[in-house]
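Open the model in your viewer and keep the sequence panel beside it. The tour goes from one selection to the next and says what to look for at each stop.

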Amino acid sequence: MTYYKLTRFSGIAPAVSSRLLGEQFAQTSQNIDFEAGRITPITEETTTATLTAGTRNSIYYYDNSASDQWLQWDEDYVKVVEGPIPGDNKDRLYWTGESYPKMSYYTAITAGSAPFPTTAYRLGIPAPAALSFSGTQPSGTLDATTTPIDVAYVLTYVSNFGEEGPPSAVTATKTFTPSTQTIQITMPSVPSGAYALSATQGTFPAVAKWRLYRSAVGSTQAAFQLLHEATITTASFTDNVQPVALQEVIPSTTWIGPPDDDTTLYPDGPMQGLTPVSNGVFVGFTGRRLCLSEPFLPHAWPISYRITLEKEIVAIATTGNGIVCLTDGKPYFVTGTDPSSMVAVEIDLAQACVNKHSVVDMGDYVLYAGPDGLCAIAGTDGSVVTKGLISPAQWNADFAPTTYKAFKHEGTYVAFHSTTSGWVYDPRAQEAAISTTTSSAAVRGGFYNPKDGELDLIIASNVRRYRGGTTNQTATWKSKKFVAPNPVSMSWVHIHADSYPASGTKNRIRIWVDGTVIADYNITKTGNVFTQETSTPNGISNVTLQAPTMRLPSAIGTEWEVEVSGAVNINEVCLSQSIAEINAT
């Protein structure tokens, strides 16, 4: 006797002939969560917030004890990172994706009314312009009893957040005796622009300052030690300080800002893709250049920490032990214990990243869209994880690899096209499963919150939570083609579900024989009585049943297919030639 019983369900594998699929795989799989191995419908979206315009493409949930806010941007590749500084009571944020890298803090970000952020500052502290000397310097009479010293000076700025920037150019050397002579130093004008260099404290932690450093042993190549600091509006300083009174050595010689909108210095544009690394380090990129910050100093991006790759960087992501750099050629894995000693290793995977929005950090590995399929990078190992499930031709024709936007949700990879359609790659079950899905409207962006595992999507002018509702969507699953060795007649179909709704979305089952639908039933339950509602064949009245087992019309064929749909969990589907076979299992 011929008997087909399905108790484990998985996703689609369009690269495989529908006749050769494994029994658990499907020709159609939509709106299904396969974690438990059965047909589990996903829930609908629900609106969590309303944005101020329908043009937003990036969002970030700013979780603050005072008042949580959704930050929103029209730009579509804004990457936001919380500050790495221990004990920060200003809740600083850092981000890229606008005209230049930025930072701000809660009071400035949420000042006034939405849209937020309201106020932001350039990430990085500028180097001051050259210092100058007033009048004839030094002034006073040389002390014939004291050995003169040769000195030079540099100046740095310290922001309202206490962040010190790189030094100015070194001044010319001056010779004097501090006991009887002085050198009058004039400070340059404070640079204009959106820097956190305010002369008033306000809600900042402190008033911005300058720090003046003097060479220790009479050479412009010597160490510079702190001579004096003052509020940023202090116009000058008179130096008559003895060498023994100098303080700490300047720490910020290499602490320049990240690549910004200065097209002369950075023809590839400002730094993008801001991402946190372990030990308080930030990473970003521009062109072929990977940029790393000083640990716990997100305003400082030394040139010596930058790594130049052979190909243009498209996107980056971090894993537990390094940085994955996706390029328009082969990917790279960058690893090391300190940003000054990071090493880039080319991964032997000939799969360029064709879409920066496809890159998702899955925890121990990174997924992204390559030209031949969905690719995974784990350390220095790479592979095309959809190989054997989706052919390269199907991938490019049906899965829109260059345009979709992808996110993480509960261990799955969720991708949305520019329409209302999308798909989910689920690696959690015994074998990876792919299921299609739908959204209420086109998805333009989203935000995955690692604190609670929720995924929020930008749909029209709303923030809608993926699978955040309580109403199940309609799940649809169509089996492979079961091929009998000889033409057979299957007489019975059985479906086992958690429930059999009598209204709303009902459990539906359809049977094909050699490509023709021979049966299309809904099955409901009221009390202990099941009802079979028949659409195909036509003209058949509803039938009451003692079990969810239904008689099929007479038909003979070699290729049999089953499709089930519903808004409840479906655990089992059986096709058999006799009722005894179903009752025996």
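## Stop 1: alanine 484

Select alanine 484 and show what surrounds it. Leaving aside residues up to four places away in sequence, alanine 484 touches Tyr4 and Thr558. This is a predicted model, so every stop on the tour describes a prediction. Alanine 484 belongs to strand β41, which covers residues 482-488. Is alanine 484 buried or exposed? Its relative accessible area is 5%, and buried means under 20%, so alanine 484 is buried. Now add glutamate 559 to the selection. Alanine 484 and glutamate 559 are 75 residues apart along the chain, yet their C-alpha atoms are separated by 6.6 Å.

## Stop 2: strand β43 and its partners

Select residues 507-513, which make up strand β43. Five of the seven residues of β43 are buried, so the strand is largely enclosed by the rest of the structure.

Next, add residues 516-526, strand β44. β43 and β44 pair in the antiparallel sense, and seven bridges hold the pairing. One place to check is arginine 508, whose bridge partner in β44 is asparagine 522. The two strands form a hairpin with two residues between them. In the turn, select aspartate 514, which has a positive phi of about 50 degrees.

Then add residues 557-566, strand β48. Six bridges join β48 to β43, and these two strands also run antiparallel. Here isoleucine 509 has valine 564 in β48 as its bridge partner.

Stay with arginine 508 and show its side chain together with that of aspartate 520. They form a salt bridge, with the closest N and O atoms 2.6 Å apart. Aspartate 520 lies in β44 and arginine 508 in β43, so the salt bridge ties together parts that are 12 residues apart in sequence. Aspartate 520 is buried, with a relative accessible area of 7%, whereas arginine 508 counts as partly exposed at 30%.

## Stop 3: more salt bridges

Side chains of opposite charge can pair when their charged atoms come close. How many salt bridges does the structure hold? The count is 29.

Select aspartate 261 and arginine 122. Their side chains meet in a salt bridge, at 3.1 Å from N to O. Aspartate 261 is in the loop between β20 and β21, while arginine 122 is in strand β11, so this pair ties together parts that are 139 residues apart in sequence. Aspartate 261 is partly exposed, at 35% relative accessibility. Arginine 122 is buried, at 18%.

Now select glutamate 164 and arginine 211. The side chains of these two residues also meet in a salt bridge, with 2.7 Å from N to O. The pair links distant parts of the chain, 47 residues apart: glutamate 164 sits in the loop between β15 and β16, and arginine 211 in strand β18. Glutamate 164 has a relative accessible area of 4% and is buried.

For a group of residues, select Asp33, Glu35, Asp426, Arg428 and Arg467. Salt bridges that share partners join these residues into one network.

## Stop 4: a sheet of three strands

Go back to β18 and select residues 209-215, together with β15 and β19. The three strands form an open sheet in the order β15-β18-β19, with antiparallel pairing. β15 (153-158) and β19 (224-231) are at the edges with a single partner strand each, so one side of each has no neighbour in the sheet. From one strand to the next, the twist averages 25 degrees. β15 and β18 pair over six bridges. To see one position in this pairing, select tyrosine 157, which stands opposite tryptophan 210 in β18.

## Stop 5: the cysteines

A disulfide is a covalent bond between the sulfur atoms of two cysteines. How many disulfides does the structure hold? It holds zero.

Select cysteine 325 and cysteine 291. Cysteine 325 is in no disulfide, and the nearest cysteine sulfur, in cysteine 291, is 10 Å away. Cysteine 325 is buried, at 0% relative accessibility.

Finish with cysteine 353 and cysteine 375. Why is there no bond between their sulfur atoms? The sulfur of cysteine 353 is 8.7 Å from that of cysteine 375, the closest cysteine sulfur, which is too far for a bond. Cysteine 353 is buried as well, at 6% relative accessibility.

Note on methods:
Residues are numbered from 1 along each chain as its sequence is written. This is a predicted model: local features need pLDDT of at least 70, side-chain atom pairs count only at pLDDT 80 or more; totals for chains, interfaces and linings use all residues. Side-chain values use heavy atoms; hydrogens and water are left out. Two strands pair if DSSP finds at least two bridges between them. Helices (H or I, at least four residues) and strands (E, at least two) are DSSP runs, numbered from the N terminus. Axes are lines fitted to C-alpha atoms, for helices over the stretch in contact, and angles run from 0 to 180 degrees between N-to-C directions. A disulfide is a pair of cysteine sulfur atoms within 2.5 Å. Buried means under 20% relative accessible area, exposed over 50%, partly exposed in between (1.4 Å probe, protein chains only). A salt bridge is a side-chain nitrogen of Lys or Arg within 4 Å of a carboxyl oxygen of Asp or Glu. Contact means heavy atoms within 4.5 Å.
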